[in-house]
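The following questions and answers concern salt bridges, nonpolar cores and a pocket. Please consult the sequence and the structure shown here while reading.

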Amino acid sequence: MIATKPEEFKKQVHASLKRQAAAINEHAKRGTYFFDYGNAFLLEASRAGADVMAVDGINFRYPSYVQDIMGPMCFDYGFGPFRWVCTSGKQEDLDYTDQLAAEILSEIYKTAPKEIQSQLTDNINWIKAAKANKLVVGSKARILYADAEGRIKIAEAFNQAIKNKRSDP
């Protein structure tokens with residue numbers, strides 16, 4: 001339908017979004033906690049004309065996952081996504097970036113406030129297990145959630161490794 005009747009497809013999607021939003025609103029009235037995971041459901045539902053806006057007409061009536069759940073754990077402390085791509089395409093270079101990131105986060109952990117130690121531990125464990133968990137799809141890339149200090153120090157270490165043409169420990 002998307003290829004042969006794109007306007008009808010859009011109409012059906014909008015109708016579906018309105019039905020889903022109505023069901024969510026009904027459940028929320030009964031006490032169900034709802035949040036948008038971040039896949040733009042609320043945005044697209046609002047574009048479809050669904051009843052998802054707050055009383056102010058500007059904000060959504062439901063929080064986003066990032067605001068409500070990740071905020072206190074990560075973003076309130078400056079944690080956010082940190083991505084890198086190993087443009088050489090060599091596994092050993094990606095392995096080295098993993099090692100650098102783990103070392104830097106481990107060093108930061110030693111003096112980190114207690115409030116962020118669990119987040120740092122999660123990231124350290126994640127990056128140490130990344131290769132074994134085969135977390136590369138397509139290009140040799142990684143993502144983790146680091147605070148400003150972590151992002152800066154990891155980026156500086158990567159830049160120094162490239163400057164020194166270093167790809168192995």
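A salt bridge is counted where a side-chain nitrogen of Lys or Arg lies within 4 Å of a carboxyl oxygen of Asp or Glu. The model is predicted.

Q: By this rule, to how many salt bridges does the count come?
A: The criterion pairs a side-chain nitrogen of Lys or Arg with a carboxyl oxygen of Asp or Glu, within 4 Å. One pair that satisfies it is K153 with E149, at 2.9 Å from N to O. By this rule the count comes to seven.

Q: With which residue does R61 form a salt bridge, and how far apart are the closest N and O atoms?
A: The partner of R61 lies ten residues away, and both residues belong to the loop between α2 (41-47) and α3 (65-73). R61 itself is partly exposed, at 36% relative accessibility. The partner is partly exposed as well, with a relative accessible area of 48%. The salt bridge of R61 is formed with D51, and the closest N and O atoms are 2.8 Å apart.

Q: Is K110 buried or exposed?
A: K110 meets E107 in a salt bridge through their side chains, at 3.0 Å from N to O. Its partner E107 has a relative accessible area of 48% and is partly exposed. A residue counts as exposed over 50%. Because K110 has a relative accessible area of 61%, the class of K110 is exposed.

Q: By about how many helical turns are K153 and E149 separated?
A: The side chains of K153 and E149 meet in a salt bridge, 2.9 Å from N to O. K153 is partly exposed, at 38% relative accessible area, and E149 is partly exposed, at 36%. Because the two residues are four apart in helix α6 (residues 148-163), their separation is about one helical turn.

Q: What is the distance in space between E149 and L105, C-alpha to C-alpha?
A: E149 has its place in helix α6. In sequence, E149 and L105 are 44 residues apart. Their C-alpha to C-alpha distance in space is 9.3 Å.

Q: Which element supplies the largest share of the largest nonpolar core?
A: This core has 24 residues, of which F82, W84, L120, I127, L144 and I154 touch the most other members. At least two residues each come from β1 (80-85), α4 (91-109), α5 (114-129), β2 (141-146) and α6. The largest share amounts to eight residues, and the element that supplies it is α4.

Q: Which residues are in contact with L144, leaving aside its neighbours within four places in sequence?
A: L144 is among the residues that touch the most other members of the largest nonpolar core. With neighbours within four places in sequence left aside, the contacts of L144 are G80, P81, F82, W84, A101, L105, N123, W126 and I127.

Q: How many residues does the other core have, lying apart from the largest one?
A: Core members must be buried, under 20% relative accessible area. Among the members of this other core are A21, A45, A50 and Y62. The number of residues in this core is eleven.

Q: By class, how many charged residues does the lining of the largest pocket have?
A: About 290 Å³ of space lies in this pocket. Of its 15 lining residues, C86, D93, T97, F158 and I162 are the closest to the centre. Two or more lining residues come from each of β1, α4 and α6. The lining has eight nonpolar and five polar residues, and the number of charged residues is two.

How values were computed. Residues are numbered from 1 along each chain as its sequence is written. This is a predicted model: local features need pLDDT of at least 70, side-chain atom pairs count only at pLDDT 80 or more; totals for chains, interfaces and linings use all residues. Side-chain values use heavy atoms; hydrogens and water are left out. Buried means under 20% relative accessible area, exposed over 50%, partly exposed in between (1.4 Å probe, protein chains only). A nonpolar core is a set of buried Ala, Val, Leu, Ile, Met, Phe, Trp, Tyr and Cys residues joined through side-chain atoms within 4.5 Å. Contact means heavy atoms within 4.5 Å. On a 1 Å grid over the protein atoms alone, a cavity is a set of points where a 1.4 Å probe fits but cannot get out, and a pocket is an open set with protein on both sides within 12 Å along at least five of seven lines; lining residues have an atom within 4 Å of a point. Grid points are joined across faces, edges and corners, and a volume is the space filled by probe spheres set on the points. Ala, Val, Leu, Ile, Met, Phe, Trp, Tyr, Cys and Pro count as nonpolar, Asp, Glu, Lys and Arg as charged, and the others, Gly among them, as polar.
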